[in-house]
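Student: I should like to learn how to read the general features of a structure before turning to its details. May we work through an example together?

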Amino acid sequence: VTNADAAPAPKKPTPKKKPAAPATRTFQLKQSAENAVHRVSFGASPRISIGAGETFATTDPRLAARLAAQPHLEEVTS
Amino acid sequence: VSLIPGNVEVLAFGFQTDKSTAATVPVMAIALEDCSLDPGVQRITTPETDADALAPDDVVVGAQPGGTFKCYLRPDEVDLFMYALLGKNDDTGTAPTTHTANLDDTAPFSSPYLTIWDIWPGIGCVKYTGARIGQLALTSQEGGAVESEYTIAALKAIFLDIGDAPDLSGLFVDEQPFTWAELAVSLGGSHDGIVSQYQLTINRNINRFQGDNGLESLDIPNGLFAVSGSLTVAFEDDELWRAANTGAVDGTDLTTTIFEESIDIDHTRGSDLEAKFSLAEARITNFKTKIATDGKPATSSFDFKSKRSATLTDVFQSIVKNAQAHSDRSA
């Protein structure tokens with residue numbers, strides 16, 4: 001029996017990568033002095049309604065992109 | 001038998017957080033001119049060679065809850081309806097608050113789902129859930145009030161025990177409807193006081209996908225957005241007549257150009273109450289003038305339709321000023 005004939009050593013299972021937890025992004029009404037809007041309401045499911053001093057957090061990247069595109073909203077950065 | 005007065009039916013509205021979760025309480029209630037909301041049970045007959053002498057019975061094949069309701073245009077109600085119809089609203093200012101509603105640039109097919117309670121107080125109540133406002137038709141003419149007819153579609157209808165009908169205290173607006181005396185229509189930015197009748201239709205062309213969900217529909221997606229209407233005006237010169245046919249107010253030959261100009265339909269009561277509906281580029285067609293053999297002033301009517309635009313606020317925008325802090329009636 002040669003080494004070539006020997007059964008190959010079982011492969012070590014490669015550890016599965018845990019999927020990264022989706023990032024939470026948080027939005028609020030723009031704080032700039034020129035933004036006079038004190039509540040913005042839009043969306044259906046979920047319906048979103050953000051007033052002055054309130055925030056809306058989401059882990060859904062598509063929803064976050066929509067929120068980021070709203071002219072009267074800004075992302076809260078820590 | 002206790003007879004019921006016919007003038008007691010009301011509707012109440014609440015905003016849902018998502019398609020499937022009914023609102024727990026209404027945020028506004030209204031009086032009605034007319035209402036055809038109905039659970040919309042769909043039935044057919046299934047004729048077959050059953051060797052029977054009797055016509056076949058009906059079978060239930062689905063449900064399409066919805067219908068129309070008609071109410072007068074009131075400044076402290078219409079902001080909620082415009083948000084529900086168009087899908088996006090910004091609130092600015094206080095006393096009065098200005099509510100600006102339009103299609104949402106980031107999701108133009110979107111609009112909120114409502115829960116609507118159709119209530120005959122003390123008698124019966126149907127709760128419509130997952131409801132959308134699919135169309136608003138506004139009409140008025142000289143000597144009249146301004147009337148609004150809304151078309152509704154809902155996912156589901158539920159009959160409530162009357163004891164479970166919501167408390168409507170404080171949900172009604174105590175104010176008079178807008179009338180013709182409070183209206184100014186501007187054509188091309190100019191208000192000449194020549195309009196004697198208007199009709200405006202804002203249509204989401206709502207669809208229904210019932211799916212295989214029993215008597216509850218899967219969804220009622222908005223379709224293609226269209227804004228159209230008609231005006232009757234004094235026939236004072238040939239400018240619009242030429243424009244509607246040649247594409248220019250001083251045109252001579254017929255052309256393929258469709259004339260367009262802005263139309264603003266503005267109802268105002270003092271400085272704090274207003275409902276303004278604006279089309280930045282209304283395309284004008286079908287200009288017709290009526291003779292009046294009795295010598296009354298000649299009037300002309302024409303149709304208009306909002307032009308497509310990448311700027312959705314140009315297609316249609318409503319601006320409502322009133323005492324309500326927020327169009328979704330949140331605190």
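Student: How many helices and strands does the secondary structure of chain B come to?

Tutor: Please bear in mind that this is a predicted model. Chain B has three helices and 19 strands.

Student: What does the secondary structure of chain A come to, and in which order do its elements run?

Tutor: Chain A has one helix and five strands. Starting at the N terminus, the order is β-β-β-β-α-β.

Student: How should burial be read, and what percentage of each chain is buried?

Tutor: A residue is called buried when its relative accessible area is under 20%. By this criterion, 47% of the 331 residues of chain B are buried, and in chain A the share is 29% of 78 residues.

Student: What do the contacts say about separation in sequence?

Tutor: One takes contacts between residues at least 6 apart and asks what share joins residues at least 24 apart. That share is 68% in chain B and 57% in chain A.

Student: Which residues make the nonpolar surface patch?

Tutor: B:Ile4, B:Trp120 and B:Ile123 form it, with an area of about 270 Å². B:Ile4 lies in the segment before β1 (10-15) of chain B.

Student: Why can B:Ile4 be counted in such a patch?

Tutor: Patch residues need over 30% relative accessible area. B:Ile4 meets that cut-off because its relative accessible area is 42%, which makes it partly exposed.

Student: How much surface does each chain expose?

Tutor: Chain B exposes about 15,700 Å², with 50% from carbon and sulfur atoms. For chain A, the area is about 5,700 Å², and carbon and sulfur supply 56%.

Conventions:
Residues are numbered from 1 along each chain as its sequence is written. Chains are lettered from A and ligands numbered from 1 in the order in which they are written. This is a predicted model: local features need pLDDT of at least 70, side-chain atom pairs count only at pLDDT 80 or more; totals for chains, interfaces and linings use all residues. Side-chain values use heavy atoms; hydrogens and water are left out. Patches are made of residues with over 30% relative accessible area and no salt bridge: like charges are joined within 9 Å, nonpolar side chains (Val, Leu, Ile, Met, Phe, Trp, Tyr) within 5 Å. Accessible areas come from the Shrake-Rupley method with a 1.4 Å probe; for residues, only the protein chains shown count as cover. A salt bridge is a side-chain nitrogen of Lys or Arg within 4 Å of a carboxyl oxygen of Asp or Glu. Helices (H or I, at least four residues) and strands (E, at least two) are DSSP runs, numbered from the N terminus. Buried means under 20% relative accessible area, exposed over 50%, partly exposed in between (1.4 Å probe, protein chains only). Contact means heavy atoms within 4.5 Å.
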